[in-house]
Amino acid sequence: APMIGTRVRDERNIIKFCVVTWAALTFVVAISAQPIIGLIAWGGLSVTGGFLNVAMNTYQVKRMPEHILGRAIGINCFFTYGAVSAGALSAGYIVAELQPQAAAWLVSGVSMAMIVVVFILVSPRMLLPDRMVNWLKERLSPSAATALSPPEELDKKPLEPLSA
C-alpha cells in the first residue's frame, strides 16, 4: 500500500485506481477456471478493498465540513455494512440459481458498472458535459447547503448533560 500510495498521491486517483483494479480482478475470477488463480485474485480484491477504504475515509476527513462529517461517515458505514449483509444473504441464492461461473460474471459486470459510477462521482468532467458539471456544482456548493449547517444557537451554548 505505501508503494502504491507514493505513486498515486491524490485520494481521487487512488479511488479510481482501486475500482479499476477491483473490476479487473473480478474479471480474472470470472474467466479463470483455475482455483489457485481465483484465490490469488480474491486475495488481491481483499487488499484492494482495504486500500480503497483507507482512501475513501481520508478523502472524507480532508474534504467534508466538520459539522456533517459524522453524518457522512455514518451513511458510508450504513451502506458498506448493509452491502456486506445483503451480499452474504443473497450470495448463496445467486450462486444456486445462476451457477458459480454465471455468478462470477454478474459480479464482474457490476464491478465494470462501478467504474462508470465512480468516475462520474470522482471526476465528473471526464464523462459529463461542462454545463451539467457546473449545474451540479451550483446545487451542491456549501452556500446552497445552508440547511446542513448547524444552527447558531448550538455553537454558542455548551451542551448540558442528560438527566435520567
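Buried, in these legends, means under 20% relative accessible area. The model shown is a predicted one.

**View 1. The whole chain is built from helices.** If you run along the sequence, the pattern reads α-α-α-α-α-α-α-α. That comes to eight helices and zero strands. Of the 164 residues in the chain, 23% are buried. The chain exposes about 12200 Å², and carbon and sulfur atoms supply 69% of that area. Now look at the contacts between residues with a separation of 6 or more: residues 24 or more positions apart account for 61% of them.

**View 2. Here are two cysteines, Cys-18 and Cys-77.** Is Cys-18 buried or exposed? Cys-18 counts as buried because its relative accessibility is 1%, and the cut-off is under 20%. Cys-77 has a relative accessible area of 31%, so this residue is partly exposed. As a reminder, a disulfide is a covalent bond between the sulfur atoms of two cysteines. How many disulfides does the model have? The count comes to zero, going by a rule that asks for a pair of cysteine sulfur atoms within 2.5 Å.

**View 3. Helix H3 takes up residues 35-63.** With 29 residues at 1.5 Å a residue, H3 should span 42 Å, and its end C-alpha atoms sit 41 Å apart, so the two values agree. Several H3 residues are buried, including Gly-38, Ala-41, Leu-45, Thr-48 and Gly-49. Phe-51, Leu-52, Ala-55 and Gln-60 are also among the buried residues of H3.

**View 4. Arg-63 belongs to helix H3.** The relative accessible area of Arg-63 is 41%, so this residue is partly exposed. Which residues does Arg-63 touch, leaving out those up to four places away in sequence? They are Asp-10 and Glu-11.

**View 5. Gln-99 sits in the loop between H4 and H5.** Check the backbone here: Gln-99 has a positive phi of about 75°, although it is not a glycine. Gln-99 has a relative accessible area of 48%, which means that it falls in the partly exposed class.

**View 6. Val-95 is part of helix H4.** With a relative accessible area of 37%, Val-95 is partly exposed. Setting aside residues up to four places away in sequence, Val-95 touches Pro-100 and Ala-103. One of these partners, Ala-103, is a buried residue of H5.

**View 7. Helix H5 has 23 residues.** From its first C-alpha to its last, H5 reaches 32 Å, close to the 33 Å expected at 1.5 Å a residue. Which residues in H5 are buried? They are Ala-103, Ala-104, Ser-108, Ser-111, Ile-115, Val-118, Phe-119 and Val-122. The next view picks out two serines from that list.

**View 8. Ser-108 and Ser-111 both lie in helix H5.** Why does Ser-108 count as buried? Its relative accessible area is 2%, so it falls below the cut-off of 20%. Ser-111 is buried too, because its relative accessibility is 4%. Not counting residues up to four places away in sequence, Ser-108 touches Ala-23, Thr-26, Phe-27 and Ala-30. With those same sequence neighbours left out, Ser-111 touches Trp-22, Ala-23 and Thr-26. Ala-23 and Thr-26 therefore turn up as partners of Ser-108 and of Ser-111, where contact means heavy atoms within 4.5 Å.

**View 9. A nonpolar patch lies on the surface.** Ile-94, Leu-98, Leu-106, Val-110 and Met-114 form this patch, with about 370 Å² of accessible area together. Two elements give two or more residues to the patch: helix H4 (66-98) and helix H5 (100-122). Which of them gives the most? H5 does, with three residues. Val-110, one of the patch residues, is found in H5. Its relative accessible area is 46%, so Val-110 is partly exposed.

How values were computed. Residues are numbered from 1 along each chain as its sequence is written. This is a predicted model: local features need pLDDT of at least 70, side-chain atom pairs count only at pLDDT 80 or more; totals for chains, interfaces and linings use all residues. Side-chain values use heavy atoms; hydrogens and water are left out. Patches are made of residues with over 30% relative accessible area and no salt bridge: like charges are joined within 9 Å, nonpolar side chains (Val, Leu, Ile, Met, Phe, Trp, Tyr) within 5 Å. Accessible areas come from the Shrake-Rupley method with a 1.4 Å probe; for residues, only the protein chains shown count as cover. A salt bridge is a side-chain nitrogen of Lys or Arg within 4 Å of a carboxyl oxygen of Asp or Glu. Helices (H or I, at least four residues) and strands (E, at least two) are DSSP runs, numbered from the N terminus. Buried means under 20% relative accessible area, exposed over 50%, partly exposed in between (1.4 Å probe, protein chains only). The expected span of a helix is 1.5 Å times one less than its number of residues.
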